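Visitor: I am new to this structure and should be grateful for a close look at a single part of it. Please show me how neighbouring elements meet there, and then place that part within the whole.

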Amino acid sequence: MAHPQHTRDRILDAAENLFFHEGITTTGVDRVAAQAGVAIVTLYKHFGSKDNLLREVLSRRLHAWTQHWDDAVAAASSPQERLMAVFDAIETFRASSGPTQWCCFLATASERPTPEDAIGDPVFELIRQDTQLVTERLAELARGARCQDPATVAATLLLLYNGVLASLLRGAPSDPIDRARVTARLLIDSCADAIGPTRS
């Protein structure tokens with residue numbers, strides 16, 4: 001008999017692959033169960049509903065992304081590099097996250113109600129959580145880099161971050177991470193010029 005955690009992981013792997021290759025709305029739980037090699041009743045026993053399954057997929061992705069970002073920040077050699085580490089994390093995360101084509105959170109947001117209509121939607125709450133995590137951490141790192149206006153720097157870097165993810169889906173420009181790094185460096189250097197050098 002398969003270990004329950006192994007079964008759960010197989011279902012999550014199948015759901016992630018199908019949801020973010022074929023679309024969340026168009027993928028039924030029967031397709032997920034078939035790809036995972038389990039009965040539909042087993043899928044429901046583990047997750048209860050399609051929305052719960054999607055929520056668990058996103059939660060797992062959020063945990064994995066956070067670990068990559070933690071590692072990138074830890075490897076950086078200065079406050080400015082720690083602020084830039086979000087782009088290193090995108091690279092390593094994409095390299096390790098399998099065949100999923102783009103950001104699962106943006107993909108999910110594109111198929112859910114607008115933020116104004118999504119109050120109380122448990123899936124959209126995870127999207128909000130992801131956005132909040134990125135925004136607050138960028139602001140914290142901007143403060144560490146002694147940026148004069150950490151909130152504005154964080155908002156601008158979030159815009160670059162979202163642009164990188166969308167560009168990876170579009171396929172153009174072909175080097176969005178490198179281009180985002182150049183723009184982010186100009187932004188961070190302008191902060192440093194305004195307040196003088198920082199210490200690592």
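Guide: In this predicted model, residues 24 or more positions apart account for 68% of the contacts in the protein chain with a separation of 6 or more. The protein chain holds nine helices and zero strands, and its pattern along the sequence is α-α-α-α-α-α-α-α-α. Of its 200 residues, 42% count as buried.

The part chosen here is helix α4, together with the helices that it meets. Helix α4 covers residues 50-75, while helix α5 covers residues 79-96. The two pack at an angle of about 130°, and their axes are 8 Å apart. An angle of about 130° falls outside the range of 65 to 115 degrees for roughly perpendicular and is not over 145, the limit for roughly antiparallel, so α4 and α5 are described as oblique to each other. The crossing in which α4 passes α5 is right-handed. On the side of α4, the contact is made by R61, A64, W65, H68, W69, A72 and V73. On the side of α5, R82, A85, V86, D88, A89, I90, T92, F93 and S96 take part. Sorted by class, this contact has 10 nonpolar residues, three polar residues and three charged residues.

Helix α4 also packs with α1, here at an angle of about 90° and with the axes 10 Å apart. The two helices, α1 and α4, are therefore roughly perpendicular to each other. From α1, the residues in the contact are R8, D9, I11, L12, D13, A15, E16, F19 and F20. From α4, they are K50, L53, L54, E56, V57, L58, R60 and R61. The residues of this contact divide into nine nonpolar and eight charged, with no polar ones. R61 appears in the contact of α4 with α1 as well as in the contact of α4 with α5.

Two threonines help to place these helices among their surroundings. T27 is found in the loop between α1, residues 4-22, and α2. With 2% relative accessibility, T27 counts as buried, because the term applies to residues under 20%. Its side chain reaches the backbone oxygen of L18 at 3.5 Å. A polar atom of the side chain of T27 also lies 2.6 Å from the backbone oxygen of G23. When neighbours within four places in sequence are left aside, T27 is in contact with L18, F19, E22, V32 and K50. Among them, F19 and K50 also belong to the contact between α1 and α4.

The second threonine, T108, lies in helix α6, which covers residues 104-111. T108 counts as buried, at 0% relative accessibility. The side chain of T108 reaches the backbone oxygen of C104 at 2.7 Å. Leaving aside neighbours within four places in sequence, T108 is in contact with F20, I24, L54, L58, V123 and I127. Of these, F20 is a residue of α1 in its contact with α4, and L54 and L58 are residues of α4 in that contact.

Between α1 and α4 in the sequence come two further helices. Helix α2, residues 29-36, packs with helix α3, residues 40-47, at an angle of about 100° with the axes 9 Å apart. The pair α2 and α3 is therefore roughly perpendicular. Here V29, D30, V32 and A33 of α2 meet I40, L43 and Y44 of α3. By class, this contact has six nonpolar residues, no polar residues and one charged residue. Within helix α3, I40 counts as partly exposed at 37% relative accessibility. I40 and D30 are 10 residues apart in sequence, and their C-alpha atoms are 6.2 Å apart in space. Apart from neighbours within four places in sequence, I40 is in contact with D30 and A33.

Two backbone details further along the chain complete the account. R146, in the loop between α7 (122-144) and α8, has a positive phi of about 60° although it is not a glycine. R146 is partly exposed, with a relative accessible area of 42%. A cis peptide bond joins A172 and P173, with omega about -5°. P173 is found in the loop between α8, residues 150-170, and α9, residues 176-195.

Definitions and conventions: Residues are numbered from 1 along each chain as its sequence is written. This is a predicted model: local features need pLDDT of at least 70, side-chain atom pairs count only at pLDDT 80 or more; totals for chains, interfaces and linings use all residues. Side-chain values use heavy atoms; hydrogens and water are left out. Axes are lines fitted to C-alpha atoms, for helices over the stretch in contact, and angles run from 0 to 180 degrees between N-to-C directions. Helices (H or I, at least four residues) and strands (E, at least two) are DSSP runs, numbered from the N terminus. Angles under 35 degrees count as roughly parallel, over 145 as roughly antiparallel, 65 to 115 as roughly perpendicular and the rest as oblique. A crossing is left-handed if the near helix is turned anticlockwise from the far one by less than a right angle, and right-handed if clockwise. Contact means heavy atoms within 4.5 Å. Ala, Val, Leu, Ile, Met, Phe, Trp, Tyr, Cys and Pro count as nonpolar, Asp, Glu, Lys and Arg as charged, and the others, Gly among them, as polar. Buried means under 20% relative accessible area, exposed over 50%, partly exposed in between (1.4 Å probe, protein chains only). A polar contact is a pair of N or O atoms within 3.5 Å; within protein, one must be able to donate a hydrogen and the other to accept it, and residues adjacent in sequence count only if both atoms are side-chain atoms.
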